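Q: I am new to this structure and would like a close look at a single part of it. Could you take one helix and explain, step by step, how it sits among its surroundings?

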Amino acid sequence: ALAKGQGDDRDLFLGRGPFKGRHLTLRGVKLLADGALGSRGAVLFEPYSDDPTQSGLELLKHELLVHRAEAFANAGFQVAVHAIGDKANADTLDVLEKLPKGGRHRVEHAQVLRGSDVERFAKGEIIASFQPTHATSDMPWVDARVGPERSKFAYAWRSVLDTKAHVAFGSDFPIEKPDPLLGLFAARTRQDVRGQPEGGWHPEQKVTADEALAGFTSGAAYAEFAEDRRGVLREGYDADFVVLSADPVEDAPEALLTTKVLVTVVDGVDVWRD
């Protein structure tokens, strides 16, 4: 779970510190560096391509972002910063790089990056927390917002993975549907559910089926400090798994759109069957 680091209750969480239980751990705190790309609130180095009067909305001034990130990190929290625009991401990386190593601090979304910032996740031991369906929801207008050059490193999963950085995939529910099968499809194809655009949007940023599955399983487990007990099927690990009607790695990505969950098991308990 993520605590709120932006509001007035931050002092409450700072005072109590992280909580770790069997099924609920509250270790992460989310801060917001900028707004959204669709509303032109994501902070960019240069103005928006489709509105040169706008360059985004800084939700936390840099000095305040530094202060709060340091305060939460020193209290034992994992800092996760929402950053969408290329400047917001660069500024966030500046902040997280200076925190003590080992905190597994995260950039949430990391939607538009400069090419020069791609390697900073691996070098700074910072997790890139991506939501694959963001790309397929946003792709009709991203090129218009930021232009073809900046969009080369928009939703740049392949580029970041190639640096050996830790990557976690998620859904960003309730902004997007929580179904991980849609996320697996988007990560592998960069297409919408109608199969558009042909070949995928910026297909050079696709990931393999194995990488997509790892992002939602072992990558996510690492991001929550649970790689020694979750995220893979292994003796002695929590029995958290689903049984699907199709193979999410071996079958064609299109099969994911009609795949059904047949069984859900959480910590060894059979909690749902179709």
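**A close look at helix α2**

A: In this predicted model, the residues of α2 that are buried are L65, R68, A69, F72 and A73. Around the helix axis these residues cover an arc of only 130 degrees, and therefore they lie on the same side of α2. This fits a general property of such helices: an α-helix has 3.6 residues a turn, so residues three or four places apart point the same way. On the face turned away from that buried side, α2 carries the exposed residues E63, H67 and N74.

As for the helix itself, α2 runs over residues 62-74, and because each residue should add 1.5 Å, its 13 residues should span 18 Å, which agrees with the 18 Å that separates its end C-alpha atoms. Just after α2 comes G76, which takes a positive phi of about 95 degrees.

What covers the buried residues of α2 includes two helices, α1 (10-16) and α3 (86-97), together with the strands β4 (28-32) and β5 (78-83). Turning to one of these neighbours, the axes of α2 and α3 come within 10 Å and cross at roughly 35 degrees, and the crossing is right-handed. On the α2 side the contact is made by H62, L65, V66 and A69, while α3 contributes D91, T92 and V95. Sorted by class, this contact of α2 with α3 has 4 nonpolar, 2 polar and 1 charged residues. L65 and A69 thus appear twice in this account, being among the buried residues of α2 and also among those that make the contact with α3.

Terms used
Residues are numbered from 1 along each chain as its sequence is written. This is a predicted model: local features need pLDDT of at least 70, side-chain atom pairs count only at pLDDT 80 or more; totals for chains, interfaces and linings use all residues. Side-chain values use heavy atoms; hydrogens and water are left out. Helices (H or I, at least four residues) and strands (E, at least two) are DSSP runs, numbered from the N terminus. The expected span of a helix is 1.5 Å times one less than its number of residues. Buried means under 20% relative accessible area, exposed over 50%, partly exposed in between (1.4 Å probe, protein chains only). The arc is that of the directions from the helix axis to the C-beta atoms. Contact means heavy atoms within 4.5 Å. Axes are lines fitted to C-alpha atoms, for helices over the stretch in contact, and angles run from 0 to 180 degrees between N-to-C directions. A crossing is left-handed if the near helix is turned anticlockwise from the far one by less than a right angle, and right-handed if clockwise. Ala, Val, Leu, Ile, Met, Phe, Trp, Tyr, Cys and Pro count as nonpolar, Asp, Glu, Lys and Arg as charged, and the others, Gly among them, as polar.
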